[in-house]
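Got your viewer open? Load the model, keep the selection box handy, and follow along.

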Amino acid sequence: MKKILFSLMSLFAGLAVAGSASALTVSDYTAGVAAGGIGGTRHNLGSFGPVIHTGEQASPFLAGMGTTEICVFCHTPHHTNTALGPTPLWNRVNATTTFTTYGPTIGGSNVTAVGSVSLACLSCHDGVTTFDNLVNAPGKGGVNSAGKDQGWWFLMPGGVGSFTNPLDHFDPSAGGACASCHVSLPGGMGTIARLTIGTDLSNDHPVSVTYTTGRAGLRQTNTVISAINLTAGLNASAPTLFGGNLAQNRWAVKGFISDTATIADLLRDNKVECSSCHDPHFKNSSWDEVESVAYENWCGTSELCTDGQFLRRVGGNTGSGVCRTCHDK
Ligand code: HEC
Ligand code: HEC
Ligand code: HEC
Ligand code: HEC
Ligand code: HEC
């Protein structure tokens with residue numbers, strides 16, 4: 001059923017792009033444009049956020065049960081947690097650091113620890129740590145260097161929620177608070193189960209793995225990303241389809257869309273981390289394939305819904321462009 005919906009909606013999306021001048025394509029993300037827009041993405045958990053958001057500040061009943069701040073869920077200007085390496089001004093502490101690591105790769109690496117920016121992402125995507133577990137609370141809320149759950153209420157689109165805070169973390173199992181509604185909502189559990197990366201990282205692309213050229217067909221780290229030919233050998237239509245997605249290869253780096261960045265710019269301490277592929281601030285509406293599903297009625301159109309999975313590559317993973325940027329496959 002999902003497959004049928006997907007192909008129907010893909011057709012529709014194709015028509016919409018052809019017929020409307022307002023739809024965004026890769027060409028709207030030129031070099032130098034800021035990789036921003038976080039306020040309108042799923043990563044805005046404050047009261048003005050579009051999906052999971054804290055108590056509405058406008059309602060007296062829920063006043064004090066949240067914040068309109070956006071950055072505070074991840075960053076704070078003072079009293080930061082500096083333990084996570086290059087993750088700047090970090091305002092979170094992981095409730096668990098016990099992960100099943102990836103282990104040995106075919107290329108000969110052995111991932112035995114998770115660190116750095118990956119732990120930062122996993123401080124929400126682990127399914128354990130609550131979204132409102134902060135070091136430096138907003139305003140005069142105080143500092144807790146070990147992190148403290150703020151006890152806030154989180155709501156769904158349209159203010160749907162309950163007056164406790166069961167929505168404050170991802171549910172790893174199908175039996176928890178998220179499931180209480182989503183089992184029967186269109187899209188079912190897949191809508192939300194996909195967001196729980198969990199504590200078992202052996203079933204995810206390796207993270208905290210050193211980038212060693214010569215393994216797994218990896219390109220040289222000084223390779224200029226925009227110069228990589230992603231259409232070689234593909235069907236003749238590949239360079240022109242989807243707004244010329246595969247004919248260009250720009251990535252968000254250091255906050256801006258770049259056509260001069262190299263693969264080294266994607267690495268943190270020479271390792272692949274979650275943020276090698278994702279920029280958590282980037283509302284990337286240029287990937288034609290995502291969000292083409294019928295249940296996305298919380299924001300009206302799929303164009304508004306999409307964050308493009310926060311992928312750094314303009315055009316997302318069309319033609320596996322993300323994968324083939326590092327792997328010469
Ligand atoms: C959901 C978590 C999250 C939120 C919310 C968030 N950030 Fe970040 N931010 C991160 C992570 C993780 C990094 C490190 C990413 C990396 O390795 O590139 C980062 C890095 C940065 C950087 C340095 C790298 C860059 O991309 O420029 C700046 C500046 C920054 N954030 C500013 C902000 C501001 C301002 C806000 C609020 C408007 C904000 N962030 C909201 C997670 C977040
Ligand atoms: C090597 C690149 C890469 C790395 C590293 C990576 N991701 Fe992803 N991630 C992707 C791609 C590509 C997608 C989109 C998959 C799709 O929708 O086809 C994705 C999707 C996701 C999704 C949405 C899941 C879905 O299928 O809808 C989440 C959540 C996510 N990533 C979180 C993370 C976290 C957390 C980390 C670090 C532990 C991480 N990613 C590391 C490439 C990566
Ligand atoms: C009280 C009922 C309820 C609960 C509990 C609930 N949701 Fe929702 N959720 C909704 C409704 C209603 C929508 C809007 C559905 C739509 O627009 O089709 C929604 C939409 C979403 C969406 C948007 C779909 C998408 O992919 O963009 C996500 C993601 C989501 N919920 C995640 C969660 C997570 C994660 C939890 C648990 C932490 C959760 N929800 C708990 C009712 C709920
Ligand atoms: C403060 C908690 C928090 C942190 C930290 C965080 N995320 Fe998320 N992320 C969320 C929530 C909550 C959602 C889903 C929100 C919703 O749909 O309402 C989400 C959604 C996503 C999605 C799906 C977007 C889509 O288009 O459907 C991806 C991918 C993702 N996060 C990756 C990351 C990566 C990578 C990092 C680290 C760089 C990160 N997140 C850090 C809370 C967080
Ligand atoms: C930022 C660079 C980068 C990107 C983008 C990237 N990878 Fe990787 N990939 C790596 C590194 C580094 C390794 C570890 C190689 C090693 O040391 O053996 C790896 C390993 C792998 C492996 C082998 C794992 C093993 O157990 O041997 C596979 C399969 C793989 N990647 C697939 C993908 C896919 C599919 C995508 C796109 C979704 C992708 N990669 C995107 C850097 C990348």
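Here is a stop-by-stop walk around the ligands of this model, which is a predicted one.

**Stop 1: the iron of ligand 4**

Start by selecting ligand 4 together with His 43 and His 125. Which atoms of these two residues coordinate the iron atom? In both His 43 and His 125 the answer is NE2, at 2.0 Å. The two partners come from distant parts of the chain: His 43 sits in the loop between α1 (2-19) and β1 (53-54), while His 125 belongs to helix α2 (residues 116-125), and 82 residues separate the pair. Now turn to the geometry. The six donor atoms around the iron atom of ligand 4 subtend angles of 87 to 180 degrees, so the arrangement is octahedral. Is His 43 buried, partly exposed or exposed? Its relative accessibility is 29%, so His 43 counts as partly exposed.

**Stop 2: what surrounds ligand 4**

Keep ligand 4 selected and bring up its surroundings. There are 24 residues around ligand 4, and those that come nearest are His 43, Cys 121, Cys 124, His 125 and Arg 194. Helix α2 gives the most to this shell, with five residues. Colour the shell by class and you get 14 nonpolar, five polar and five charged residues. For a polar contact away from the two histidines, look at Gln 309: one of its polar backbone atoms is 3.1 Å from an oxygen atom of ligand 4. Then colour by domain. Domain 1 (1-30 + 211-329) and domain 2 (38-206) both give residues to the shell around ligand 4, so ligand 4 lies between them.

**Stop 3: the iron of ligand 3**

Next, select ligand 3 with Met 156 and His 182. The protein donors to the iron atom of ligand 3 are Met 156, through SD, and His 182, through NE2, at 1.9 to 2.0 Å. Met 156 is in the loop between β6 (154-155) and α3 (177-182), and His 182 is in helix α3, with the two positions 26 residues apart. The site is octahedral, with angles of 84 to 179 degrees among the six donor atoms. Switch on the surface if you like: both Met 156 and His 182 are buried.

**Stop 4: ligand 2**

Move on to ligand 2. It has 15 residues around it, and Arg 194, Cys 274, Cys 277, His 278 and Gln 309 come nearest. Three polar contacts are worth drawing:

- Arg 194: a polar side-chain atom lies 2.7 Å from an oxygen atom of ligand 2.
- His 278: a polar side-chain atom lies 2.8 Å from a nitrogen atom of ligand 2.
- Gln 309: an N or O atom in the side chain is 3.0 Å from an oxygen atom of ligand 2.

Where does ligand 2 lie relative to the domains? Domain 1 and domain 2 both give residues to its shell, so ligand 2 lies between them.

**Stop 5: ligand 5**

Finish with ligand 5. Of the 17 residues around ligand 5, the ones that come nearest are Ser 109, His 205, Cys 323, Cys 326 and His 327. Helix α8 (residues 321-326) gives the most to the shell, with three residues. Zoom in on Thr 105, where a polar side-chain atom lies 2.6 Å from an oxygen atom of ligand 5. At Ile 106, a backbone N or O atom is 2.7 Å from an oxygen atom of ligand 5. By class, this shell has eleven nonpolar, five polar and one charged residues. It draws at least three residues from each of domain 1 and domain 2.

Notes:
Residues numbered from 1 in each chain as written. Chains lettered and ligands numbered in written order. Predicted model: local features only at pLDDT ≥ 70, side-chain atom pairs only at ≥ 80, totals over all residues. Heavy atoms only, no water. Donors = N, O, S within 2.8 Å, 3.2 Å for Na, K, Ca; no water. Tetrahedral: all angles 85-135°; square planar, octahedral: opposite > 155°, others 65-115°. Helix = DSSP H or I, 4+ residues; strand = E, 2+ residues; numbered from the N terminus. Buried < 20%, exposed > 50% of the residue type's maximum accessible area, 1.4 Å probe, protein only. Near = heavy atom within 4 Å. Polar contact = N/O pair within 3.5 Å; in protein donor to acceptor, adjacent residues only side chain to side chain. Nonpolar A, V, L, I, M, F, W, Y, C, P; charged D, E, K, R; others polar. Domains from an automatic or database assignment.
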